[in-house]
Amino acid sequence: MYSVINVKNYDLIVGLDALNLSRDYLKNFIKSKAIIITDENVDRYHHKTLDILLDELEIEHEFYVIKPGESSKSLSEYEKIMTYMSMSYHRNDTVIAFGGGVVGDLAGFVAATFMRGLDFIQIPTTVLSMVDSSVGSKTGIDLPTGKNLIGAFKDPKLCIIDPLLLKTLDDYVFEDGFGEIIKYAICFDEELFAMISTKRYTKQSDLSEIVEICVSIKKDIVLQDKLEQNLRRLLNYGHTLGHAVEKLSDYNVMHGHAVAFGMKCMAKKYSKDYDRILEVLKMYNLNYNYDYSEEDVYEVSLRDKKNTKDMISLIVSEEIGDCTVLSMNKSDYKKVLSDIYED
């Protein structure tokens, strides 16, 4: 069984074996041929699954395989894909993102910009991409100075979320996605927080319900503020410090772990529920500390794309289930960091 969640311009198909069960959707949405952008890890475990499915649907397709990791979200990789596609792809073809957040961001940006836009389908394969990055239409690539500094908003035609694909993840990558799940729980849903803190979910668990809760929260926010002018900014809880940690680690620290560190810091400073938040982070092995200096974190986080020239925007949760935007000048932000680091 699967659920269909409508996000205005496209459908999310969510459920165990959704990839196989939603084959009619794929057949209807792919007009000509498809290029499947994926990474080496996903290709190793899941190439055959998607290849056989598309063969059975008589959809012409090929796989374009990139190296895993944030380094592939680069101008050079983007240029390679665009050059390759320019030799045989046309505006009625389809880009399929088959992978985690890096694949989705890169493939989405390719789809948004090749010949001014191709149809795009998301098939996320990590917890993080299922609950967060595959929903909301953000695409992008990195620059040496920061993450996601080049990008576009691009709606997919379809997003298929099948938790069966998670069973091949290693523990670190699986747990990484819970950084974003915990974010949704802290900021928007006390019942979700209770679910994930009273029972530890594993790769053997059916995450369909949790995925549906998270994508429904994000859907409701995105429909009100697609371009992140106001309400959508709340989804960045933990991200200002998290993005700094990612950058300082040269992206060896994955996104969910970095966001977990950012949330822990914000909770320590602002939340009356700090102890509860710390316990759930420990439960999912997300209670890491990183030894980057206060000054380095400050300098890198100033370049976060959410900031303006003079003001820093932090998302603050004082109690589980609620959050708000707190804007401050640079000197006040530096004081916040000092308070966090003093212990």
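In this predicted model, strands S1 and S2 make a hairpin with four residues between them. Within that turn sits Lys8, whose phi is positive at about 65°. The two strands run antiparallel to each other and are held in register by four bridges. Among the partnered residues, Ser3 is matched with Val14 of S2, and Ile5 with Leu12 of S2.

The hairpin is part of something wider. Seven strands come together in an open sheet, and reading across it gives the order S1-S2-S9-S6-S5-S3-S4, with mixed pairing. Strand S1 (3–6) and strand S4 (61–66) sit at the edges; each has a single partner strand, so one side of each lacks a neighbour in the sheet. On average, and ignoring direction, neighbouring strands here are turned by 20° against each other.

Helices pack against this sheet too. Helix H5 (residues 101–113) touches strand S3 (34–39), S4, strand S5 (94–99) and strand S6 (119–124). The direction of H5 makes about 175° with that of S5. Helix H10, spanning residues 208–224, lies across S1, S2 and strand S9 (158–161). Relative to S1, H10 runs at about 10°.

H5 also takes part in a charged pairing. Side chains of opposite charge can pair when their charged atoms come close. Here Asp105 forms a salt bridge with Lys73, and the closest N and O atoms are 2.8 Å apart. The pair ties together distant parts of the chain: Asp105 belongs to helix H5, while Lys73 lies in the loop between S4 and helix H4 (75–85), with 32 residues separating the two. In total, the model has 20 salt bridges.

A stretch of the chain also carries a record-based label. An unreviewed UniProt entry annotates residues 64–173 as "domain: 3-dehydroquinate synthase N-terminal". Over residues 64–173, helix accounts for 31% of the chain and strand for 30%. The C-alpha atoms at the two ends of this stretch are 22 Å apart.

Further along come two helices that pack on each other. Helix H8 (residues 178–188) and helix H9 (residues 190–198) meet at an angle of about 140°, and their axes are 6 Å apart. Angles over 145 degrees would count as roughly antiparallel, so H8 and H9 are oblique to each other instead. On the H8 side, the contact is made by Phe178, Ile181, Ile182, Tyr184, Ala185, Ile186 and Phe188. H9 contributes Glu190, Leu192, Phe193 and Ile196. By type, the residues of this contact split into ten nonpolar, no polar and one charged.

Conventions: Residues are numbered from 1 along each chain as its sequence is written. This is a predicted model: local features need pLDDT of at least 70, side-chain atom pairs count only at pLDDT 80 or more; totals for chains, interfaces and linings use all residues. Side-chain values use heavy atoms; hydrogens and water are left out. Axes are lines fitted to C-alpha atoms, for helices over the stretch in contact, and angles run from 0 to 180 degrees between N-to-C directions. Angles under 35 degrees count as roughly parallel, over 145 as roughly antiparallel, 65 to 115 as roughly perpendicular and the rest as oblique. Contact means heavy atoms within 4.5 Å. Ala, Val, Leu, Ile, Met, Phe, Trp, Tyr, Cys and Pro count as nonpolar, Asp, Glu, Lys and Arg as charged, and the others, Gly among them, as polar. UniProt positions are given in the numbering used here, feature names are shortened, and annotations may be inferred rather than shown by experiment. Two strands pair if DSSP finds at least two bridges between them. A salt bridge is a side-chain nitrogen of Lys or Arg within 4 Å of a carboxyl oxygen of Asp or Glu.
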